[in-house]
Amino acid sequence: MLFHMWRSRSVFVTVIGCFVLLLTISFGFRVLAQNHFTSPEHLNTVTAQAPNLGRHFQELGLEGSILIYDLNKNRTYEHNPQRNATAMLPGSTFKIFNAMVALETGVIPDDVTVFTWDGIKRPIEAWNHDTNLRQAFKDSTVWFYQVLARRAGHQRMQKFIDQVGYGNRQIGTAEDIDRFWLQGPLEISPKAQIQFLQRLYRNNLPFSQRTMDLVKDIMVREQTPEYTLRGKTGWLNSTKPELGWFVGYLEQNKNVYFFATTIDMGKPSDAPLRIEITRRSLKDLGLL
């Protein structure tokens, strides 16, 4: 009798023990599963993490900034946000605006009309010959765009600056008409450059469709079956340190990416790095 009772109790304890063991294993597995499961939201956050654009400046030993705006995603990628909000001399990036004013006012009828070189030798050989609007944009020929500004005149230039709301809207006196974008007082931030370029892309500026289309065509730097890259460089030697710009936009994958890059330039060999940093940063976004 006692033997049977002892065996029954042993069986009961064994059954209870097995049940507890099963619960423990099951609970433990569930805890492990929860600890190692990554939610889709977390995966999306990690995937969408912004690239470190600052490393390109560090690798090249440069101080500067870059701002890229993805139109479809309404998302901004940037390095040095404080500098991106700081107004600076636009330099030759102002040729985009200057060209539109010249075409709109009839100062120049088209992109192929040639202006005669004044015979003054300048340090960049490409500037020392007759040229037209398109070629002068590509070569960044300062004297050509100074002639355009003088012919447009202070009053008309100020009117368009005010209508567009370009930068700080200051172009100085009539005597400053051919240098206000090179020596001041006109200034614009990289962030404002992006806003201006968006308005140009959307044809939302106080210029005719013909004028905007022609300038957008002049801005094309690269065109392939996959993408179109438009832009304009700038280089100011009136600042210390000298300032380099590259602004524009990339059309790719049925989307538009606007960019504004600035660098402090210590030597002429730094000039190509304005474009190099921009290209590297766009590649970080899976472009080009």
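The paragraphs below go from the whole chain to one pair of packed helices and then to a helix with a buried face.

This is a predicted model, and the secondary structure of its protein chain comes to 12 helices and 8 strands. The chain has 288 residues, of which 45% count as buried. When contacts between residues at least 6 apart in sequence are considered, 60% of them join residues at least 24 apart.

One place to look is the packing of helix H5, residues 95–105, against helix H11, residues 209–218, where the two axes lie 9 Å apart and meet at an angle of about 140°. Because angles over 145 degrees count as roughly antiparallel and this one does not reach that range, H5 is described as oblique to H11. The crossing of the two helices is right-handed. On the H5 side, the contact is made by Ile 96, Ala 99, Met 100, Leu 103 and Glu 104, while H11 contributes Arg 210, Thr 211, Met 212, Leu 214 and Val 215. Sorted by character, the residues of this contact are 7 nonpolar, 1 polar and 2 charged.

H5 also has a part in the surroundings of helix H8, which spans residues 154–164 and whose buried residues are Met 157, Gln 158, Phe 160, Ile 161 and Val 164. Seen down the axis of H8, these buried residues fall within an arc of 165°, so they line one face of the helix. They pack against H5, and also against helix H7 (142–152), helix H9 (180–183) and helix H10 (190–201). Just after H8 comes Gly 165, whose phi is positive, near 75°.

Key: Residues are numbered from 1 along each chain as its sequence is written. This is a predicted model: local features need pLDDT of at least 70, side-chain atom pairs count only at pLDDT 80 or more; totals for chains, interfaces and linings use all residues. Side-chain values use heavy atoms; hydrogens and water are left out. Axes are lines fitted to C-alpha atoms, for helices over the stretch in contact, and angles run from 0 to 180 degrees between N-to-C directions. Helices (H or I, at least four residues) and strands (E, at least two) are DSSP runs, numbered from the N terminus. Angles under 35 degrees count as roughly parallel, over 145 as roughly antiparallel, 65 to 115 as roughly perpendicular and the rest as oblique. A crossing is left-handed if the near helix is turned anticlockwise from the far one by less than a right angle, and right-handed if clockwise. Contact means heavy atoms within 4.5 Å. Ala, Val, Leu, Ile, Met, Phe, Trp, Tyr, Cys and Pro count as nonpolar, Asp, Glu, Lys and Arg as charged, and the others, Gly among them, as polar. Buried means under 20% relative accessible area, exposed over 50%, partly exposed in between (1.4 Å probe, protein chains only). The arc is that of the directions from the helix axis to the C-beta atoms.
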